[in-house]
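Q: Please take a close look at one part of this model for me, in a single connected answer. I would like to start from one small element and work outward from there.

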Amino acid sequence: MYRTHTCGELRKSDVGQTVTLAGWVDTYRDHGGGLFVDLRDRYGKTQLVFSSDSGAETQQLSRGIRNEDVLQVVGKVEPRPDGTVNPKLNTGEVEIKVEKLTILNKCKTPPFFPTQMELPGEDLRLKHRYLDLRRQQMQQTLLLRSRIIKQMRDYFDQHGFIDVETPILGRSTPEGARDYLVPSRVHHGEFYALPQSPQLYKQILMMAGYDRYVQVARCFRDEDLRADRQPEFTQLDMEMAFCEMEDIIGIIDGLVQKVAKDVLDIDVTGPLPRMTYDEAMERFGHDAPDLRFGLEIVDATDLAAEAEFRVFRAVADAGNRVRGICAKGAADKYSRRLIDDMTSMVQDDFGAKGLAWFKVEADGTLNSPIAKNFTPELLAKFKERFAAEPGDLILIVADKFEVTCKALYGLRKKLGAELKLYDPEAMHFSWIVEFPMFDYDAEEERWVAMHHPFTAPRPQDVELLDSDPGKCRALAYDLVINGSEAGGGTIRIHDNATQQKVFGLLGMTAEDAQERFGFLLDALQYGAPPHGGIALGIDRWVMLFGHLENIRDCIAFPKTQRAADLMTDAPSTVDRKQLEELAIKVLRLDEVKK
RNA sequence: GGGGCCGUAGCUCAAUUGGUUAGAGUACCGGACUGUCGAUCCGGUGGUUGCGGGUUCGAUCCCCGUCGGCCUCGCCA
């Protein structure tokens, strides 16, 4: 037996026992005659004491102990002498007088120590992930992740959901994200695709009568990475038959309450607040607004239309929008220089033509390079519209609606963080509903599904599919936590005719649709029940519930921004023989580009 | 594909306007020390300044390219 106890469990009540512990050397303090070692495992730390009492042989062996060595010790639990209790440790009232030491494994001097104060560079952490995962912070996060997933599994189990696994090797579907492809050895020139989500399989399960399905599903999307995006990620995927949007939302409201209570001890009152997509875009410029703070977007297009200022007038006259935000008390926090930086941001990142600004002076006048273009009366109206007071900073973007949304969303996010408009520990949960069915892709001159092509239109909007698809709203709902999309779902189309019509609107011919999704169209004709579901982004839940800034910290073995695993060095080239079996020839770069 | 930041000892960082021998803390090695808990004290080893090229009398510093990491726009139904 390697150990009788973990390094986190011994207390004063255990004094007198002879115990065996095993773990890593967290730190050691060598006093010559006596040596203290904090032995660590994922449960905690326990202080070991080596002295002449340990015997000459053991004491001699103990002198070679270094950080991160793996030890096993046998010894007696003793109370610490008066004045040497360590209140920082749960085990701080006791120590082990070591009688026998076994060095199970030495540790080479590592590139970094899991215990060091300054975090090493992320590339180093990823390369030596086994060391990084020893860090307490990482262990806490993976524990949190495990706990959230268990809560989810328990919850859905209690509500009668069946866990069904769906294939990892599937069929490529050109809609949506880029697929990860897997070549077939048996069928030369043909490929499987890794699932972007189990979407179609779970719909088929509904048609098969498994009316409550759940799965912790790995999903793959070959797109560029971000701080909150990995090429493979995990979803809590669920689907229900004979359900309406309210049923799904109700179930998830309950889950949110349960997880919030369990992991953060927060009482979330249900039902969670809802906002329509249009309202979210109008008030916050984004479909996943951070509702922990105000700083809402204010429309001033009508006022702009009265202005002498040609830039505003032209935008208003062209049917575009003049909108802005008013940051309370921010005028003296943002110098000309910082405002210039924000101007560059809205121009370079969001395609805005510029950023207009006003600072409200102590006497109430508006200070701005463009103020001279406005009558005092109009300036007063702007001030009133933005409810601006002395010391406030008004930022205005005049552009197409979409551009004002993006730019003001970006500014709001930046100002919210910089001005500390919210408590970083706060949690805000809400639903965004009534999404449009389609977005118009000007480049490809066609409609694209906003959610996915299996989303059902609202019953009252069905006829808009023919007359005005852009106005058609979907039975879609996104769960938003602190300005992050934490989940999204829809009620699905469950009849063949509507599904065919939507495919048609997306520019697919009947033949295309049959080739790509024939199995779905077939299944829809063999007794498909009404159904719908949702998928929750588990990695993001961990990020949000753990107040972490980065999705890589929520995943045991994540990929870098270039989608590489620095520990295993994946992806890698493969043997010529492997390629030959697959009938694959790798082209040179110049051969690809032509 | 575009924009930005970063890369100096094993690690975290510093190095004046481009200036001559590239420093500190820590780790590591050796020594001292029986109540420490970020132990302390003394001594020591350790550098292709990511890589390649250029400008210059002289480059960690400026320029170009490249590799790697991060942030971001596009992209992500």
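A: Helices here are DSSP runs of H or I with at least four residues, strands are runs of E with at least two, and both are numbered from the N terminus. With that in hand, let's begin at helix α3, which covers residues 129-132 and holds Tyr-130. This is a predicted model, in which local features need pLDDT of at least 70 and side-chain atom pairs count only at pLDDT 80 or more, while totals for chains, interfaces and linings use all residues. Residues are numbered from 1 along each chain as its sequence is written, chains are lettered from A and ligands numbered from 1 in the order written, and side-chain values use heavy atoms, without hydrogens and water.

Tyr-130 counts as partly exposed because its relative accessibility is 45% (buried is under 20%, exposed over 50%, partly exposed in between, with a 1.4 Å probe and protein chains only). On the surface, Tyr-130 joins Phe-557 and Met-567 in a nonpolar patch, and together the three offer about 300 Å² of accessible area. Such a patch takes residues with over 30% relative accessible area and no salt bridge, with nonpolar side chains joined within 5 Å and like charges within 9 Å; the areas are Shrake-Rupley values with a 1.4 Å probe.

Two of these patch members turn up again in the largest cavity: Phe-557 and Met-567 line it, along with Leu-126, Arg-129, Pro-558, Asp-565 and Leu-566. The volume of this largest cavity is about 40 Å³, and the whole structure has 2 cavities of 30 Å³ or more. On a 1 Å grid, a cavity is where a 1.4 Å probe fits but cannot get out; a pocket is open, with protein on both sides within 12 Å along at least five of seven lines, and lining residues have an atom within 4 Å of a point.

Moving along the chain, we come to the second largest pocket, with a volume of about 800 Å³. Its lining comprises 28 residues, and those nearest the centre are Arg-135, Gln-136, Gln-137, Gln-139 and Gln-140. Helix α4 (136-158) and strands β2 (35-41) and β3 (44-50) each contribute at least two lining residues. The largest share, 5 residues, belongs to α4.

There is also a charged side to this picture. Asp-26, Arg-40, Lys-45, Glu-68 and Arg-134 are tied into a network of salt bridges (a side-chain nitrogen of Lys or Arg within 4 Å of a carboxyl oxygen of Asp or Glu). Asp-38 pairs with Arg-29, with the closest N and O atoms 3.1 Å apart. Asp-38 is buried because its relative accessibility is 9%, whereas Arg-29, at 32%, is partly exposed. In another pair, Glu-95 meets Lys-97 at 3.8 Å between the closest N and O atoms. Glu-95 is buried at 5%, and Lys-97 is partly exposed at 25%. The whole structure has 49 salt bridges.

Stepping back, chain A carries 18 helices and 22 strands, and 48% of its 594 residues are buried. A domain assignment, automatic or from a database, splits chain A into domain 1 (12-105), domain 2 (121-273 + 529-594), domain 3 (293-421) and domain 4 (436-473 + 495-528). Between the C-alpha centres of domain 1 and domain 2 there are 42 Å. Along the principal axes, the C-alpha atoms of chain A fill a box of roughly 90 × 75 × 55 Å.

Key. Grid points are joined across faces, edges and corners, and a volume is the space filled by probe spheres set on the points.
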